[in-house]
Amino acid sequence: QEVKLEAGDLVLYPASSLHSVSEITRGARVSSFFWLQSMVRDDGERTLLFDLDQSIQRLVAERGHKDDEVIRLTGIYHNLIRRWAEA
């Protein structure tokens, strides 16, 4: 997948992804690099947490933060993080 963004934008991708950087034809490229480490090592568990979080965010938009189901699912989300997080 090719990505071309405006100046000042950024791209986040897994460190396991193969990537390349094209030669610049004018101007200058200024870059910054950093690494993040997830508290949850397993990719499948991280995917489940992401999907759950996306569903919670949609429910919050529809029902608000104080909805009983939003509160219950948010608790489940945080309990799963505690369970799967590396010490």
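This briefing describes the pockets and the nonpolar core of one structure.

The model is predicted, so local features need pLDDT of at least 70 and side-chain atom pairs count only at pLDDT 80 or more, while totals for chains, interfaces and linings use all residues. Residues are numbered from 1 along each chain as its sequence is written, and side-chain values use heavy atoms, with hydrogens and water left out.

**Pockets**
- The largest pocket (an open set of points on a 1 Å grid where a 1.4 Å probe fits, with protein on both sides within 12 Å along at least five of seven lines) has a volume, the space filled by probe spheres set on the points, of about 2,200 Å³.
- Of the 39 residues that line the largest pocket, meaning that they have an atom within 4 Å of a point, the closest to its centre are Leu 5, Leu 10, Val 11, Tyr 13 and Val 21.
- The second largest pocket holds about 180 Å³ of space, and its lining includes Ser 38, Arg 46, Phe 50 and Asp 53.
- Helix 1 (43-63) and helix 2 (68-84) each supply at least two residues of that lining, where helices are DSSP runs (H or I) of at least four residues.

**Nonpolar core**
- The largest nonpolar core, a set of buried residues (under 20% relative accessible area, 1.4 Å probe) joined through side-chain atoms within 4.5 Å, has ten residues, among them Val 40, Leu 49, Ile 56 and Tyr 77.
- Helix 1 gives the most to this core, with five residues.
- Leaving aside neighbours within four places in sequence, Ile 56 is in contact (heavy atoms within 4.5 Å) with Leu 73, Thr 74 and Tyr 77.

Notes. Buried means under 20% relative accessible area, exposed over 50%, partly exposed in between (1.4 Å probe, protein chains only).
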